[in-house]
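Trainee: Got a minute to look at a model with me? I'd like to learn how to read it.
Mentor: Sure, let's pull it up.

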Amino acid sequence: MTLSHFIVLSLMLCAIGVHGVLTRRNLIGILLSVEVILNGANLNFAAFAHFRASDPTAGAIFPIFVMAVSACEMAVALAIIISMYRRKRRLDVYRLEELNG
Amino acid sequence: MGDYLFYILATAVVTFSLLAVSLPNLLHGAISLIGAFFATAALYILLQLEFVALAQIMLYIGGIVIFMLIIILLTTGLGSENRHKVPTSRRLVGTGVSGFLLFGLLYAISGKSSAVLAENVSRAAPVTMDAIGLRLLSTRKDGFIVPFEIISILLLVALIGAVVIARRDSGQEEKT
């Protein structure tokens with residue numbers, strides 16, 4: 001169990017999340033994939049705090065801020081999803097074409 | 001011992017995350033995300049960061065995933081509606097980009113020039129909860145009181161914004 005193990009693990013989580021963002025069609029599915037990416041980033045913070053940091057407390061505090069910001073993002077995104085569902089009755093990103101440039 | 005535990009937990013995290021992004025039913029995806037977050041919390045405990053593990057369980061599993069499950073049930077009815085076929089070209093592009101990202105970054109960090117991975121077996125002391133609490137509220141130069149307060153304002157703004165956005169406009173619903 002070394003730092004490189006954790007880096008490879010969080011890299012795999014990041015790639016899995018990017019794959020989900022690119023292939024999901026549903027808006028909620030995309031949000032779920034973003035959570036996977038954030039999870040990988042938090043794991044990386046924790047691993048660096050454990051193995052490398054001269055001040056591990058700061059590395060333990062940062063994932064908590066990431067979680068709080070992620071909770072805010074989730075609240076606003078889900079409110080947008082609800083109002084969009086009320087308008088269009090569907091959440092398929094291929095059909096949401098109003099913002100096509 | 002720690003190595004075997006790490007491999008078991010890492011396999012669990014990767015498997016559950018893969019299931020979460022690839023299962024066609026969103027409800028099953030959100031539930032497997034719960035499994036991935038639990039395994040990640042166990043990894044945090046392995047890294048001697050108990051507070052982060054507890055925050056992970058309470059915030060992510062108890063808050064965000066449950067919230068997501070409620071929204072899935074409200075909008076897509078047991079997650080089975082909105083099940084669309086993804087075109088093969090899009091699936092190929094997604095796999096290609098994520099594979100390129102994975103192997104490119106692996107190649108980048110495993111290169112000779114990166115000094116990040118040198119001498120990485122030094123174990124830090126466990127981070128205790130009272131250290132985190134004192135640090136989070138200290139007003140000294142290395143304290144985190146300013147981001148803490150800003151986060152509280154951000155949470156308030158996000159809550160009010162969510163209520164305003166999701167509020168049913170009067171008269172709009174009847175017309176459509």
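**Starting from one residue**

Mentor: Leaving out residues up to four places away in sequence, A:Ile28 touches A:Ile81, A:Leu91, B:Leu26, B:Met68, B:Ile71, B:Ile72 and B:Thr75. Touching, or contact, means heavy atoms within 4.5 Å.

Trainee: Before we go on, where do these numbers come from?
Mentor: This is a predicted model, where local features need pLDDT of at least 70, side-chain atom pairs count only at pLDDT 80 or more, and totals for chains, interfaces and linings use all residues. Residues are numbered from 1 along each chain as its sequence is written, chains are lettered from A and ligands numbered from 1 in the order in which they are written, and side-chain values use heavy atoms, with hydrogens and water left out.

Trainee: OK. Which residues have the most contacts inside the largest nonpolar core?
Mentor: Those are A:Phe6, A:Ile28, B:Phe6 and B:Leu43, in a core of 64 residues. A nonpolar core is a set of buried Ala, Val, Leu, Ile, Met, Phe, Trp, Tyr and Cys residues joined through side-chain atoms within 4.5 Å. Buried means under 20% relative accessible area, exposed means over 50%, and partly exposed is in between (1.4 Å probe, protein chains only).

Trainee: And which element gives the most to this core?
Mentor: H3 of chain A, with twelve residues. Helices here are DSSP runs (H or I, at least four residues), strands are E runs of at least two, and both are numbered from the N terminus.

Trainee: Why would nonpolar residues gather like that?
Mentor: As a general trend, nonpolar side chains in soluble globular proteins tend to be buried together.

Trainee: Let's zoom out. How many helices and strands are in chain A?
Mentor: Three helices and zero strands. Its C-alpha trace spans about 50 × 25 × 25 Å along the principal axes. Chain A has a radius of gyration of 17 Å, while a compact globule of 101 residues would be near 13 Å. That radius is taken over C-alpha atoms, and the globule rule is 2.2 Å times the number of residues to the power 0.38.

Trainee: What about chain B, how many helices there?
Mentor: Seven helices, and again zero strands.

Trainee: How much of each chain is buried?
Mentor: In chain A, 59% of the 101 residues are buried. In chain B, 34% of the 176 residues count as buried.

Trainee: Can you show me a buried residue that isn't greasy?
Mentor: Try A:Ser70, which lies in helix H3 of chain A. A:Ser70 counts as buried because its relative accessibility is 1%. Not counting residues up to four places away in sequence, A:Ser70 touches A:Glu35, A:Leu38, B:Tyr60 and B:Ile64.

Trainee: Switching to charges: how many salt bridges are there over all chains?
Mentor: A search of the whole structure finds three. A salt bridge is a side-chain nitrogen of Lys or Arg within 4 Å of a carboxyl oxygen of Asp or Glu. One of them pairs A:Asp55 with B:Arg135 at 2.7 Å, N to O. A:Asp55 sits in the loop between H2 and H3 of chain A and B:Arg135 in helix H5 of chain B, so this pair joins two chains.

Trainee: And what else does B:Arg135 pair with?
Mentor: B:Asp142, with the closest N and O atoms 3.7 Å apart. B:Asp142 also meets B:Arg140 in a salt bridge (4.0 Å, N to O). A:Asp55, B:Arg135, B:Arg140 and B:Asp142 are therefore linked in a network of salt bridges.

Trainee: Is B:Arg135 buried or exposed?
Mentor: Buried, at 10% relative accessibility. B:Arg140, on the other hand, counts as exposed at 58%.

Trainee: Any backbone oddity worth a look?
Mentor: Look at B:Gln48, in the loop between H2 and H3 of chain B. Its phi is near 60°, a positive value in a residue other than glycine. In general, most residues other than glycine have a negative phi.

Trainee: Last one: which residues form a nonpolar patch on the surface?
Mentor: B:Leu54, B:Met58 and B:Met129, with about 310 Å² of accessible area together. Patches are made of residues with over 30% relative accessible area and no salt bridge, with like charges joined within 9 Å and nonpolar side chains (Val, Leu, Ile, Met, Phe, Trp, Tyr) within 5 Å. Accessible areas come from the Shrake-Rupley method with a 1.4 Å probe, and for residues only the protein chains shown count as cover. B:Leu54 itself is partly exposed, at 41%.
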